[in-house]
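Here's a quick walk through a two-chain model, starting with the overall layout and ending with some strand and helix detail. Keep the viewer open while you read.

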Amino acid sequence: MSAGNSTQAVHFGNTQLPEEQRETLRKAKKLEWITIAFLAVTVALVYLVLGNSQAMKAAWIEDMLSFLPPIAFLVAARVIRKPPTEQHPYGYHRAIGIAHLVAAVALLVMGTYLLVDSALGLITAEHPTIGGVELFGRTIWLGWLMIGVMLLIAAPPVFIGHAKMKLAEKLHDKVLYADADMNKADWMTAVAAAIGVAGIGIGWWWADSAAALVISASIANDGVKNLRGAVSDLMDARARTYDNAAPHPLLERIDDFLGNTGWVGEAKSRIRDEGHVFHVESFVVPREGSTPTAEDLELLREDCVDLDWKIQDMVIVLVPELPEEFLPGVETGGED
Amino acid sequence: MLAVAPLLAGCGVSMPADPNGTLQEITGGTLQVGVTAAAGEEGDWVQLQPGAEPAGIEPDLVRGFAASREATVEWTGGTEHELVDDLEHGELDLVIGGFGADTPWTKHAGMTLPYMETKDERGKTVKHVMLTPLGENAFLLALDKYLQAQELQS
């Protein structure tokens with residue numbers, strides 16, 4: 001946690017982080033602590049002016065839920081440092097996947113609850129009551145304070161989110177990505193709540209519930225998106241980029257690298273995304289007539305590990321032909 | 001928000017507004033008030049005597065507020081249940097009866113800011129409020145402003 005150990009080697013399990021990633025991790029941790037501090041202030045401020053507005057309630061709950069990803073990230077960042085043990089031969093990398101899943105479920109459940117709650121408010125035509133508040137000896141409308149607080153807290157998360165987004169790519173960290181994504185969209189929640197309250201102000205009682213619906217929908221949507229990502233990672237789906245936008249390019253790089261090695265005729269790998277690092281199983285068919293030794297294999301493995309810091313836990317299996325049962329989609333016999 | 005305030009005021013929109021126009025209706029008109037008797041050792045909130053106008057701290061406050069809006073008060077007696085029901089259906093504008101801020105009626109009625117604090121016989125602080133129709137925010141704010149401006153000793 002302290003900056004003091006940034007000069008020491010930092011490990012994710014057996015993987016030693018390169019300089020760039022080490023620095024990124026340190027920055028990410030710092031940003032997450034800043035996020036937590038900002039959220040603590042936000043939650044307290046919004047609570048003070050919560051009143052009877054459903055939109056404010058939804059925004060407040062979203063702020064509370066926003067604590068989860070940074071906490072998940074910080075906890076996971078500690079747990080995954082542990083090297084593999086006899087009990088956990090693959091290391092502790094999956095901690096980040098579990099953290100991701102828990103956060104996703106929390107978002108989805110609360111989002112759905114708020115969605116139903118807000119829809120009921122709209123259907124039963126609840127008229128939100130917002131009266132006066134005493135401020136410096138004067139009685140003013142509480143709605144002004146609500147709008148003021150929401151507009152005040154709208155902007156900072158956007159900047160924090162953008163900063164985190166850059167780090168998430170370098171670290172290949174999906175929890176950090178999800179967190180950054182939520183932060184970036186946070187201003188919409190705040191503005192929606194402010195609009196809802198302003199709507200109450202001009203006598204549109206339904207504006208509040210409508211704004212709350214929009215906010216709850218965005219929370220539930222975050223939940224679904226994250227749940228999908230977390231589950232597919234835990235299900236060992238094909239490794240994808242940090243934002244799930246495309247298959248991870250490393251798979252092709254490894255296969256190309258293996259294929260271009262002199263004694264290798266054909267090579268194909270499957271990759272499991274363990275959170276930050278990849279577990280790679282490569283099947284290698286030697287060229288006809290070549291007889292690779294154990295040293296050749298070890299050398300090849302080491303060269304692959306040097307390709308990228310995310311590759312460390314790798315096994316290379318020598319096979320007479322690519323095993324279709326382990327490599328679905330592979331065409332036996334090869335296309336080239 | 002400070003930039004938005006004069007903007008809206010310039011458009012002739014006053015914030016907050018009443019969805020059902022309560023404040024506009026009572027100003028220079030009639031304030032329909034529900035009363036239920038509430039008098040105890042801590043104060044005579046509402047005293048009801050047959051053939052007489054309601055008396056006590058709260059009816060006095062209501063008369064003062066009505067006068068400030070040039071409204072005449074029409075009193076309706078009943079149980080809390082009946083009065084809150086009438087309030088919800090727009091037949092009453094205000095219900096008084098020694099309500100505390102922890103009243104269980106909050107799902108059915110809006111609540112003013114506490115205009116006075118007392119202690120009950122168990123030493124618990126009671127924050128005294130009046131009940132208003134849900135969502136009639138301009139009316140509520142006007143009442144809040146009036147009540148907060150009164151110097152009330154507990």
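How many Å separate the centres of domain 1 of chain A and domain 2 of chain A, taken over C-alpha atoms? The separation comes out at 40 Å. Keep in mind that this is a predicted model.

**Chain A and its two domains**

Domain 1 of chain A covers 3-234 and domain 2 covers 250-318. The two domains do touch: 17 residues of domain 1 of chain A are in contact with 10 residues of domain 2 of chain A. On the domain 1 side of that contact, you'll find seven nonpolar, seven polar and three charged residues.

How far can you trust the chain? Its mean pLDDT is 88, with 96% of the residues of chain A at 70 or more. Two stretches deserve some care. Over residues 1-7 of chain A, pLDDT stays under 50, and the model gives that stretch four contacts beyond four places in sequence. Residues 332-336 of chain A also stay under 50, again with four contacts beyond four places in sequence.

**Where the chains meet**

Between the chains, 19 residues of chain A are in contact with 18 residues of chain B. Strand E3 (132-135), strand E4 (138-141), helix H5 (142-154) and helix H7 (174-201) of chain A each give two or more residues to the side that touches chain B. H5(A) provides the largest share, five residues. Sorted by class, this side of chain A has nine nonpolar, nine polar and one charged residues.

**Chain B: strands around E8**

Chain B has five helices and eight strands, and their order from the N terminus is α-α-β-β-β-α-β-α-β-β-β-β-α. Of its 154 residues, 42% are buried. Taking the contacts in chain B between residues at least 6 apart in sequence, 64% join residues at least 24 apart.

Strand E8 (residues 125-132) of chain B is a good place to zoom in: six of its eight residues are buried. Here are three strands that pair with it, in the antiparallel sense.

| Strand of chain B | Bridges to E8(B) | Example of a bridge pair |
|---|---|---|
| E5 (residues 94-100) | three bridges | B:Phe99 and B:Val129 |
| E6 (residues 110-111) | two bridges | B:Met111 and B:Leu131 |
| E7 (residues 116-119) | four bridges | B:Lys119 and B:Thr125 |

E7(B) and E8(B) also form a hairpin, with five residues between them. In that turn, B:Gly123 has a positive phi of about 80 degrees.

**Chain B: helix H3**

Now for helix H3 (residues 57-68) of chain B. Does its length agree or disagree with what 12 residues should span at 1.5 Å a residue? The expected span is 16 Å and the end C-alpha atoms of H3(B) are 17 Å apart, so the two agree.

Which residues of H3(B) are buried? They are B:Ile57, B:Glu58, B:Pro59, B:Leu61, B:Val62, B:Phe65 and B:Ala66. Those buried residues pack against strand E1 (30-35), strand E3 (43-46), strand E4 (72-77), E5, E8 and helix H5 (137-149) of chain B. E8(B), the mostly covered strand from the table, is therefore one of the packing partners of H3(B).

Just after H3(B), B:Glu70 takes a positive phi of about 55 degrees.

Note on methods: Residues are numbered from 1 along each chain as its sequence is written. Chains are lettered from A and ligands numbered from 1 in the order in which they are written. This is a predicted model: local features need pLDDT of at least 70, side-chain atom pairs count only at pLDDT 80 or more; totals for chains, interfaces and linings use all residues. Domain bounds come from an automatic or database domain assignment. Two residues are in contact if their C-beta atoms, placed from the backbone, lie within 7 Å. Ala, Val, Leu, Ile, Met, Phe, Trp, Tyr, Cys and Pro count as nonpolar, Asp, Glu, Lys and Arg as charged, and the others, Gly among them, as polar. pLDDT is the predictor's confidence in each residue, from 0 to 100. A residue is buried if 20 or more other C-beta atoms lie within 10 Å of its own, exposed if 12 or fewer, and partly exposed in between; C-beta atoms are placed from the backbone. Two strands pair if DSSP finds at least two bridges between them. The expected span of a helix is 1.5 Å times one less than its number of residues.
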